Amino acid sequence: MKIAIIGSGNVGGALALQWIKAGHHVLIGAKFPLSEKNIRLATKIGEDKFTNISFAVKQSDVILIATPPTAIFDIIEQMGDVSNKILIDATNTVRHKPAPYETVYHALTDKTAANVVKCFNSTGYENILNPVYDGEKIDMFMAGDHAEAKQTAYQLAIDAGFGYCWDFGKGNKVLLLEQFALSWINLATMQGQGRAIAFRVVKR
Ligand SMILES: NC(=O)c1ccc[n+]([C@@H]2O[C@H](COP(=O)([O-])OP(=O)(O)OC[C@H]3O[C@@H](n4cnc5c(N)ncnc54)[C@H](OP(=O)(O)O)[C@@H]3O)[C@@H](O)[C@H]2O)c1
């Protein structure tokens, strides 16, 4: 797949590494393509993968958003026309909402004509870099109204090394999926379990 990653920090950088390893064509769309942080990632994936946001989006069918939620309005403006492209929202509204919207997913579905899905938000970036515990792959989760966007997110979760990508439900479950992410943060940080913990669904 041709994928643009907007936000090349912890989450975007980890997914870039995994998807390039899986053979996808990745471009990083950045406000400052040659920032210090990006140069560190560029030594791993190549400087040629870094460009501006609008070019990365034009060249791609799938776009991952992995930035602070409040940056979304700036990003929507810079992306240009995203009609019929698949937008994957990996953000979590931990502190500041992208007001007047509850989440980035809601801003994207309201302000663009893209096919939007929420995914890759529910675990720490360390688990994206290494989704295997004692030989068992951990799970990913997604939510949203668009079936094709969900199929794409499912495939990209498998390609990133997750065991399965569970469907949390439609757009009305997006907020629940953010709260699920907060449950991981609660266990890892507030309850002191550390970030080397992960969710996997077991079924009888
Ligand atoms: N950290 C985790 O383990 C984790 C896990 C799941 C989900 N999340 C969520 O994923 C999102 C990203 O988290 P992160 O830890 O990857 O953050 P991060 O390491 O701080 O990276 C954020 C990225 O967003 C870019 N950015 C900020 N404002 C932008 C703008 N206006 N236009 C374009 N790019 C912009 C930053 O670029 P500059 O460096 O140039 O500013 C940076 O590349 C957050 O919503 C977070 O809640 C985080």
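This passage describes strand E5, the nonpolar cores and the salt bridges of a predicted model.

Strand E5 spans residues 86-89. Its two faces are both covered, with Ile 86 and Ile 88 buried on one side and Leu 87 and Asp 89 buried on the other. On one flank, E5 pairs with strand E4 (residues 62-65) in the parallel sense, over 4 bridges. Within this pairing, Leu 64 lies opposite Ile 88. The chain passes from E4 through H4 to E5, and the resulting β-α-β crossover is right-handed. E5 is also joined to E6 by 4 bridges, and these two strands run parallel. Here the bridge partner of Ile 88 is Val 117 of E6. The connection from E5 to E6 goes through helix H5 (residues 104-111), and this β-α-β crossover is right-handed.

The largest nonpolar core comprises 33 residues, of which Trp 19, Ile 28, Leu 64, Ile 88 and Phe 120 touch the most other members. Ile 88 thus appears both in the strand pairing described above and among these core residues. Leaving out residues up to four places away in sequence, Ile 88 touches Val 62, Ile 63, Leu 64, Ile 65, Val 117, Cys 119, Phe 120 and Leu 156. A second core, separate from this one, has 26 residues, including Ile 6, Val 57, Val 104 and Ala 107.

Leu 87 is placed in strand E5. With a relative accessibility of 0%, Leu 87 counts as buried because the cut-off for that class is under 20%. Apart from neighbours within four places in sequence, Leu 87 is in contact with Ile 63, Met 79, Val 82, Leu 108, Thr 112, Ala 114, Asn 115, Val 116 and Val 117. The C-alpha atoms of Leu 87 and Lys 118 are separated by 8.4 Å, although the two residues are 31 places apart along the chain.

The structure contains 7 salt bridges. One of them is formed by Asp 89 and Lys 118, whose closest N and O atoms are 2.6 Å apart. This pair links distant parts of the chain, since Asp 89 belongs to strand E5 and Lys 118 to strand E6 (residues 115-119), 29 residues apart. Asp 89 is buried, its relative accessible area being 0%. Lys 118 is likewise counted as buried, at 0% relative accessibility.

Another salt bridge is found between Asp 74 and Lys 31, with 3.0 Å between the closest N and O atoms. Distant parts of the chain are again linked: Asp 74 is in helix H4 (residues 72-79), while Lys 31 is in the loop between strand E2 (25-29) and helix H2 (36-45), 43 residues apart. Asp 74 counts as partly exposed, at 32% relative accessibility, whereas Lys 31 is exposed, with a relative accessible area of 52%.

Lys 97 and Glu 102 form a further salt bridge, and their closest N and O atoms are 3.1 Å apart. Both partners are partly exposed: the relative accessibility is 44% for Lys 97 and 36% for Glu 102. Through salt bridges with shared partners, Asp 89, Lys 118 and Glu 178 are joined into one network.

Terms used
Residues numbered from 1 in each chain as written. Predicted model: local features only at pLDDT ≥ 70, side-chain atom pairs only at ≥ 80, totals over all residues. Heavy atoms only, no water. Core = buried A, V, L, I, M, F, W, Y, C linked by side-chain atoms within 4.5 Å. Buried < 20%, exposed > 50% of the residue type's maximum accessible area, 1.4 Å probe, protein only. Contact = heavy atoms within 4.5 Å. Salt bridge = Lys/Arg side-chain N within 4 Å of Asp/Glu carboxyl O. Pairing = 2+ DSSP bridges. Right-handed = clockwise from strand over helix to strand, strands pointing away.
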